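Student: Could you take me through this one slowly? I'd like to know where each label comes from.

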Amino acid sequence: MSSVKTILITGVSSGFGQALAQEALAAGHRVIGTVRNREAQQAFEALDANRAVAHLLDVTDFEHLDNVVADIESTVGPIDVLVNNAGYGHEGLLEESSLAEIRRQFDVNVFGAVAMIKAVLPGMRERRRGHIINITSMGGFITLPGITDYCGSKFALEGISEALGKEVNPFGIHVTAVAPGSFRTEWAGRSMVRTPRSIADYDALFAPIRQAREEKSGKQLGDPVKAARAILTVIGSDTPPAHLLLGSDALALVREKLATLSQEINAWEAVTRSTDG
Ligand code: NAP
(Lines give C-alpha, C1' and ligand atoms only; values in the text may rest on other atoms or scores of the structure.)
Protein backbone atom coordinates (compact mmCIF):
# COMPACT_ATOMS: atom_id res chain seq x y z
CA MET A 1 0.00 0.00 0.00
CA SER A 2 1.41 3.43 -0.87
CA SER A 3 1.88 5.88 1.98
CA VAL A 4 -0.90 8.15 0.63
CA LYS A 5 -4.18 6.47 1.46
CA THR A 6 -7.86 6.95 0.75
CA ILE A 7 -9.53 7.06 4.14
CA LEU A 8 -13.31 6.91 4.64
CA ILE A 9 -14.37 8.33 8.02
CA THR A 10 -17.97 8.37 9.28
CA GLY A 11 -19.05 11.44 11.24
CA VAL A 12 -16.54 14.18 10.36
CA SER A 13 -18.63 17.16 11.51
CA SER A 14 -17.05 17.33 14.97
CA GLY A 15 -14.92 15.60 17.59
CA PHE A 16 -12.62 12.69 16.70
CA GLY A 17 -13.89 12.39 13.13
CA GLN A 18 -13.22 16.03 12.34
CA ALA A 19 -9.80 16.00 14.05
CA LEU A 20 -8.77 12.79 12.29
CA ALA A 21 -9.92 14.11 8.91
CA GLN A 22 -7.95 17.33 9.38
CA GLU A 23 -4.79 15.55 10.53
CA ALA A 24 -5.08 12.98 7.71
CA LEU A 25 -5.46 15.76 5.11
CA ALA A 26 -2.46 17.56 6.60
CA ALA A 27 -0.47 14.30 6.26
CA GLY A 28 -1.36 14.17 2.54
CA HIS A 29 -4.09 11.51 2.57
CA ARG A 30 -7.40 11.66 0.66
CA VAL A 31 -10.35 11.79 3.04
CA ILE A 32 -13.96 10.98 2.32
CA GLY A 33 -16.11 11.99 5.23
CA THR A 34 -19.74 11.34 6.00
CA VAL A 35 -21.93 14.12 7.41
CA ARG A 36 -25.64 14.57 8.00
CA ASN A 37 -26.41 17.99 6.53
CA ARG A 38 -25.41 20.25 3.63
CA GLU A 39 -23.81 22.84 5.89
CA ALA A 40 -21.41 20.26 7.34
CA GLN A 41 -20.78 18.93 3.81
CA GLN A 42 -19.71 22.37 2.56
CA ALA A 43 -17.59 23.03 5.65
CA PHE A 44 -15.79 19.71 5.20
CA GLU A 45 -15.15 20.10 1.47
CA ALA A 46 -13.78 23.61 2.11
CA LEU A 47 -10.87 21.95 3.99
CA ASP A 48 -9.25 20.86 0.71
CA ALA A 49 -10.50 21.44 -2.84
CA ASN A 50 -9.17 18.10 -4.15
CA ARG A 51 -8.63 15.69 -1.26
CA ALA A 52 -11.67 16.33 0.99
CA VAL A 53 -14.99 14.91 -0.18
CA ALA A 54 -18.12 14.71 1.97
CA HIS A 55 -21.12 12.45 1.45
CA LEU A 56 -24.46 12.79 3.19
CA LEU A 57 -25.17 9.68 5.25
CA ASP A 58 -26.87 8.66 8.43
CA VAL A 59 -25.20 5.32 9.24
CA THR A 60 -28.61 3.83 10.09
CA ASP A 61 -29.83 4.53 6.57
CA PHE A 62 -29.11 0.89 5.77
CA GLU A 63 -30.89 0.93 2.38
CA HIS A 64 -28.86 3.86 1.11
CA LEU A 65 -25.47 3.05 2.66
CA ASP A 66 -24.24 0.50 0.08
CA ASN A 67 -24.94 2.99 -2.73
CA VAL A 68 -22.95 5.71 -0.96
CA VAL A 69 -19.94 3.40 -0.60
CA ALA A 70 -20.27 2.19 -4.23
CA ASP A 71 -20.46 5.82 -5.37
CA ILE A 72 -17.28 6.66 -3.42
CA GLU A 73 -15.40 3.69 -4.89
CA SER A 74 -16.46 4.54 -8.45
CA THR A 75 -15.65 8.27 -8.19
CA VAL A 76 -12.71 8.48 -5.77
CA GLY A 77 -11.30 4.95 -6.09
CA PRO A 78 -10.62 2.05 -3.72
CA ILE A 79 -11.03 2.70 0.00
CA ASP A 80 -7.82 1.77 1.82
CA VAL A 81 -9.02 2.57 5.34
CA LEU A 82 -12.51 2.69 6.85
CA VAL A 83 -12.84 4.48 10.18
CA ASN A 84 -16.17 3.73 11.86
CA ASN A 85 -16.28 6.80 14.07
CA ALA A 86 -19.94 7.91 13.96
CA GLY A 87 -21.64 7.22 17.24
CA TYR A 88 -23.17 8.83 20.30
CA GLY A 89 -23.72 8.27 23.97
CA HIS A 90 -27.15 7.45 25.35
CA GLU A 91 -27.23 8.30 29.04
CA GLY A 92 -30.08 6.65 30.88
CA LEU A 93 -30.60 4.00 33.54
CA LEU A 94 -31.73 0.75 31.97
CA GLU A 95 -35.05 0.67 33.83
CA GLU A 96 -35.84 4.28 32.90
CA SER A 97 -34.88 3.95 29.23
CA SER A 98 -37.30 2.89 26.52
CA LEU A 99 -36.52 -0.11 24.35
CA ALA A 100 -36.62 2.27 21.35
CA GLU A 101 -33.82 4.38 22.88
CA ILE A 102 -31.73 1.29 23.57
CA ARG A 103 -32.31 -0.11 20.07
CA ARG A 104 -31.33 3.23 18.52
CA GLN A 105 -28.07 3.17 20.52
CA PHE A 106 -27.22 -0.23 19.04
CA ASP A 107 -28.44 0.73 15.56
CA VAL A 108 -26.01 3.66 15.37
CA ASN A 109 -23.03 2.38 17.38
CA VAL A 110 -23.11 -1.28 16.31
CA PHE A 111 -25.23 -1.94 13.21
CA GLY A 112 -24.15 1.31 11.53
CA ALA A 113 -20.53 0.22 11.85
CA VAL A 114 -21.34 -3.35 10.78
CA ALA A 115 -23.21 -2.11 7.68
CA MET A 116 -20.24 0.09 6.71
CA ILE A 117 -17.87 -2.86 7.17
CA LYS A 118 -20.06 -5.08 4.99
CA ALA A 119 -20.09 -2.40 2.29
CA VAL A 120 -16.28 -2.02 2.08
CA LEU A 121 -15.22 -5.64 2.67
CA PRO A 122 -15.85 -7.08 -0.83
CA GLY A 123 -13.49 -4.52 -2.38
CA MET A 124 -10.85 -4.89 0.33
CA ARG A 125 -10.99 -8.68 0.08
CA GLU A 126 -10.66 -8.57 -3.70
CA ARG A 127 -7.63 -6.25 -3.42
CA ARG A 128 -6.17 -8.32 -0.55
CA ARG A 129 -5.53 -5.21 1.53
CA GLY A 130 -7.33 -2.76 3.74
CA HIS A 131 -7.71 -1.56 7.30
CA ILE A 132 -10.91 -1.21 9.30
CA ILE A 133 -10.73 0.94 12.41
CA ASN A 134 -13.67 0.91 14.80
CA ILE A 135 -13.85 3.67 17.38
CA THR A 136 -15.14 1.88 20.46
CA SER A 137 -14.57 3.27 23.97
CA MET A 138 -13.03 2.42 27.32
CA GLY A 139 -16.74 1.71 27.92
CA GLY A 140 -16.15 -1.35 25.73
CA PHE A 141 -13.99 -2.77 28.57
CA ILE A 142 -15.22 -1.11 31.76
CA THR A 143 -18.78 -0.27 32.70
CA LEU A 144 -20.48 2.62 34.47
CA PRO A 145 -24.04 2.83 35.77
CA GLY A 146 -26.20 5.19 33.72
CA ILE A 147 -24.60 4.39 30.35
CA THR A 148 -25.50 0.71 30.38
CA ASP A 149 -26.58 0.37 26.76
CA TYR A 150 -23.74 2.62 25.55
CA CYS A 151 -21.29 0.22 27.25
CA GLY A 152 -23.20 -2.72 25.79
CA SER A 153 -22.91 -1.26 22.30
CA LYS A 154 -19.16 -0.66 22.68
CA PHE A 155 -18.57 -4.15 24.16
CA ALA A 156 -20.40 -5.48 21.09
CA LEU A 157 -18.23 -3.49 18.71
CA GLU A 158 -15.05 -4.59 20.53
CA GLY A 159 -16.10 -8.24 20.19
CA ILE A 160 -17.12 -7.87 16.56
CA SER A 161 -13.81 -6.14 15.76
CA GLU A 162 -11.70 -8.83 17.38
CA ALA A 163 -13.54 -11.74 15.76
CA LEU A 164 -13.72 -10.01 12.37
CA GLY A 165 -9.95 -9.56 12.45
CA LYS A 166 -9.60 -13.35 12.68
CA GLU A 167 -11.87 -13.75 9.63
CA VAL A 168 -10.17 -11.20 7.37
CA ASN A 169 -6.50 -11.15 8.44
CA PRO A 170 -5.79 -14.01 5.97
CA PHE A 171 -6.84 -11.59 3.17
CA GLY A 172 -4.37 -8.90 4.26
CA ILE A 173 -7.10 -6.85 5.96
CA HIS A 174 -6.39 -5.47 9.43
CA VAL A 175 -9.07 -4.64 12.00
CA THR A 176 -8.30 -2.34 14.94
CA ALA A 177 -10.67 -1.38 17.75
CA VAL A 178 -9.62 1.99 19.16
CA ALA A 179 -10.95 2.60 22.69
CA PRO A 180 -10.64 6.21 23.87
CA GLY A 181 -11.02 7.41 27.45
CA SER A 182 -12.65 10.82 28.05
CA PHE A 183 -11.92 13.39 25.34
CA ARG A 184 -12.99 16.97 24.66
CA THR A 185 -15.56 16.39 21.90
CA GLU A 186 -19.33 16.91 21.67
CA TRP A 187 -19.91 13.41 23.12
CA ALA A 188 -21.18 14.61 26.54
CA GLY A 189 -22.41 17.91 25.07
CA ARG A 190 -24.78 18.46 22.14
CA SER A 191 -24.55 14.85 20.94
CA MET A 192 -25.55 13.05 24.14
CA VAL A 193 -29.12 11.71 24.38
CA ARG A 194 -30.24 11.97 28.00
CA THR A 195 -33.32 10.00 29.09
CA PRO A 196 -35.46 12.07 31.51
CA ARG A 197 -35.48 10.84 35.11
CA SER A 198 -38.57 8.98 36.34
CA ILE A 199 -37.72 6.58 39.22
CA ALA A 200 -36.72 8.24 42.50
CA ASP A 201 -35.14 5.03 43.84
CA TYR A 202 -32.12 5.67 41.59
CA ASP A 203 -31.58 9.31 42.65
CA ALA A 204 -28.78 8.65 45.15
CA LEU A 205 -26.79 6.60 42.63
CA PHE A 206 -27.41 8.44 39.40
CA ALA A 207 -28.08 12.13 40.11
CA PRO A 208 -24.40 12.84 41.01
CA ILE A 209 -23.19 10.88 37.96
CA ARG A 210 -25.40 12.85 35.55
CA GLN A 211 -24.41 16.16 37.12
CA ALA A 212 -20.68 15.35 37.11
CA ARG A 213 -20.80 14.36 33.41
CA GLU A 214 -22.54 17.62 32.49
CA GLU A 215 -20.01 19.65 34.48
CA LYS A 216 -17.03 17.83 32.98
CA SER A 217 -18.17 18.21 29.37
CA GLY A 218 -15.59 20.23 27.43
CA LYS A 219 -12.99 19.83 30.22
CA GLN A 220 -12.09 16.16 29.71
CA LEU A 221 -8.45 15.05 29.86
CA GLY A 222 -8.04 13.90 26.27
CA ASP A 223 -7.17 16.05 23.25
CA PRO A 224 -8.92 14.78 20.07
CA VAL A 225 -6.10 16.12 17.85
CA LYS A 226 -3.61 13.96 19.75
CA ALA A 227 -6.03 11.01 19.38
CA ALA A 228 -6.08 11.70 15.63
CA ARG A 229 -2.28 11.55 15.50
CA ALA A 230 -2.29 8.27 17.43
CA ILE A 231 -4.82 6.79 14.97
CA LEU A 232 -2.65 7.95 12.03
CA THR A 233 0.28 6.08 13.63
CA VAL A 234 -1.87 2.93 13.65
CA ILE A 235 -2.91 3.55 10.02
CA GLY A 236 0.77 3.87 9.05
CA SER A 237 1.79 0.64 10.79
CA ASP A 238 2.39 -2.62 8.91
CA THR A 239 1.45 -4.51 12.07
CA PRO A 240 -1.46 -2.57 13.62
CA PRO A 241 -2.89 -3.80 16.94
CA ALA A 242 -6.28 -5.49 17.32
CA HIS A 243 -6.99 -3.18 20.29
CA LEU A 244 -5.64 0.24 21.20
CA LEU A 245 -6.53 2.28 24.28
CA LEU A 246 -6.23 6.08 24.07
CA GLY A 247 -5.63 8.16 27.19
CA SER A 248 -4.13 7.51 30.62
CA ASP A 249 -7.63 7.35 32.15
CA ALA A 250 -8.55 4.47 29.83
CA LEU A 251 -5.23 2.76 30.60
CA ALA A 252 -5.68 2.90 34.39
CA LEU A 253 -9.35 1.91 34.38
CA VAL A 254 -8.95 -0.99 31.93
CA ARG A 255 -5.90 -2.33 33.82
CA GLU A 256 -7.91 -2.20 37.06
CA LYS A 257 -10.81 -4.01 35.37
CA LEU A 258 -8.55 -6.76 34.02
CA ALA A 259 -6.96 -7.26 37.45
CA THR A 260 -10.37 -7.45 39.18
CA LEU A 261 -11.68 -9.83 36.53
CA SER A 262 -8.63 -12.03 36.91
CA GLN A 263 -9.05 -12.11 40.72
CA GLU A 264 -12.71 -13.10 40.39
CA ILE A 265 -11.88 -15.83 37.88
CA ASN A 266 -9.26 -17.20 40.31
CA ALA A 267 -11.62 -17.00 43.32
CA TRP A 268 -14.26 -19.08 41.50
CA GLU A 269 -11.86 -21.40 39.64
CA ALA A 270 -12.93 -24.55 41.51
CA VAL A 271 -16.61 -23.99 40.63
CA THR A 272 -15.67 -23.20 37.03
CA ARG A 273 -13.68 -26.43 36.72
CA SER A 274 -16.39 -28.50 38.45
CA THR A 275 -18.57 -28.76 35.32
CA ASP A 276 -16.15 -30.74 33.10
CA GLY A 277 -16.65 -34.45 32.35
P1 NAP B 1 -19.06 14.05 18.60
O2 NAP B 1 -18.22 15.28 18.62
O3 NAP B 1 -20.46 14.14 19.07
O4 NAP B 1 -19.01 13.45 17.12
C5 NAP B 1 -19.87 12.41 16.74
C6 NAP B 1 -19.94 12.34 15.22
O7 NAP B 1 -20.76 11.22 14.85
C8 NAP B 1 -20.60 13.58 14.61
O9 NAP B 1 -19.97 13.86 13.38
C10 NAP B 1 -22.04 13.12 14.39
O11 NAP B 1 -22.71 13.79 13.34
C12 NAP B 1 -21.79 11.67 13.98
N13 NAP B 1 -22.99 10.85 14.12
C14 NAP B 1 -23.72 10.61 15.23
N15 NAP B 1 -24.76 9.81 14.94
C16 NAP B 1 -24.68 9.54 13.60
C17 NAP B 1 -25.48 8.79 12.70
N18 NAP B 1 -26.59 8.14 13.09
N19 NAP B 1 -25.10 8.73 11.40
C20 NAP B 1 -24.00 9.39 10.98
N21 NAP B 1 -23.23 10.15 11.76
C22 NAP B 1 -23.56 10.21 13.08
O23 NAP B 1 -18.41 12.94 19.54
P24 NAP B 1 -17.05 12.09 19.44
O25 NAP B 1 -16.60 11.90 20.82
O26 NAP B 1 -16.12 12.65 18.44
O27 NAP B 1 -17.64 10.69 18.94
C28 NAP B 1 -17.00 9.90 17.96
C29 NAP B 1 -16.92 8.47 18.45
O30 NAP B 1 -16.06 8.39 19.59
C31 NAP B 1 -18.26 7.88 18.91
O32 NAP B 1 -18.39 6.56 18.42
C33 NAP B 1 -18.13 7.90 20.43
O34 NAP B 1 -18.95 6.93 21.04
C35 NAP B 1 -16.66 7.60 20.59
N36 NAP B 1 -16.06 7.90 21.89
C37 NAP B 1 -16.00 9.18 22.36
C38 NAP B 1 -15.36 9.43 23.58
C39 NAP B 1 -15.22 10.83 24.14
O40 NAP B 1 -14.88 10.98 25.32
N41 NAP B 1 -15.42 11.86 23.37
C42 NAP B 1 -14.81 8.39 24.31
C43 NAP B 1 -14.91 7.10 23.81
C44 NAP B 1 -15.51 6.87 22.59
P45 NAP B 1 -23.71 15.04 13.60
O46 NAP B 1 -22.85 16.27 13.73
O47 NAP B 1 -24.59 15.05 12.40
O48 NAP B 1 -24.46 14.75 14.89
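**Salt bridges, burial and helix packing**

Tutor: Let's start with Asp 203 and Arg 197, whose side chains meet in a salt bridge at 3.1 Å from N to O. Keep in mind that this is a predicted model, where local features need pLDDT of at least 70, side-chain atom pairs count only at pLDDT 80 or more, and totals for chains, interfaces and linings use all residues. Residues are numbered from 1 along each chain as its sequence is written, and side-chain values use heavy atoms, with hydrogens and water left out.

Student: What makes the contact between Asp 203 and Arg 197 a salt bridge?

Tutor: The rule asks for a side-chain nitrogen of Lys or Arg within 4 Å of a carboxyl oxygen of Asp or Glu. Here the N to O distance is 3.1 Å, so the pair passes the 4 Å limit.

Student: Why is Asp 203 called partly exposed?

Tutor: Its relative accessible area is 37%, and partly exposed is what sits between buried (under 20%) and exposed (over 50%), using a 1.4 Å probe and protein chains only. Arg 197, at 30%, gets that label too.

Student: How many salt bridges does the structure hold?

Tutor: There are 13. One of them joins Glu 23 to Arg 229, with the closest N and O atoms 3.1 Å apart. Glu 23 is in helix H1 (residues 15–26) and Arg 229 in helix H7 (residues 224–235), so helices are what we need to define: DSSP runs of H or I with at least four residues, while strands are E runs of at least two, all numbered from the N terminus. The two residues are 206 apart along the chain.

Student: Why does the Glu 91 and Arg 213 pair tie together separate parts of the chain?

Tutor: Their closest N and O atoms are 2.5 Å apart. Glu 91 lies in strand E5 (residues 90–91) and Arg 213 in helix H6 (residues 203–216), so the link spans 122 residues of sequence. Both residues are buried, and they belong to a salt-bridge network with Arg 194, Arg 210 and Glu 214.

Student: How do you know that Leu 82 is buried?

Tutor: Its relative accessible area is 0%, so Leu 82 falls on the buried side of the cut-off. Leu 82 lies in strand E4 (residues 81–84). Leaving aside neighbours within four places in sequence, Leu 82 is in contact (heavy atoms within 4.5 Å) with residues including Leu 8, Met 116, Val 120 and Ile 133.

Student: Which residues let helix H3 meet helix H4?

Tutor: On the H3 side they include Phe 62, Leu 65 and Val 69, and on the H4 side they include Phe 111, Ala 115, Met 116 and Val 120. The axes of H3 (residues 62–75) and H4 (residues 99–127) come within 11 Å and cross at roughly 35 degrees. Those axes are lines fitted to C-alpha atoms over the stretch in contact, with angles from 0 to 180 degrees between N-to-C directions.

Student: What about Arg 128, and where is it?

Tutor: Arg 128 is in the loop between H4 and strand E6 (130–135). Arg 128 has a positive phi of about 60 degrees although it is not a glycine. At 48% relative accessibility, Arg 128 counts as partly exposed.

Student: Why is Leu 258 counted as partly exposed?

Tutor: Its relative accessibility is 49%, so Leu 258 stays within the partly exposed range. Leu 258 is in helix H8 (residues 248–267).
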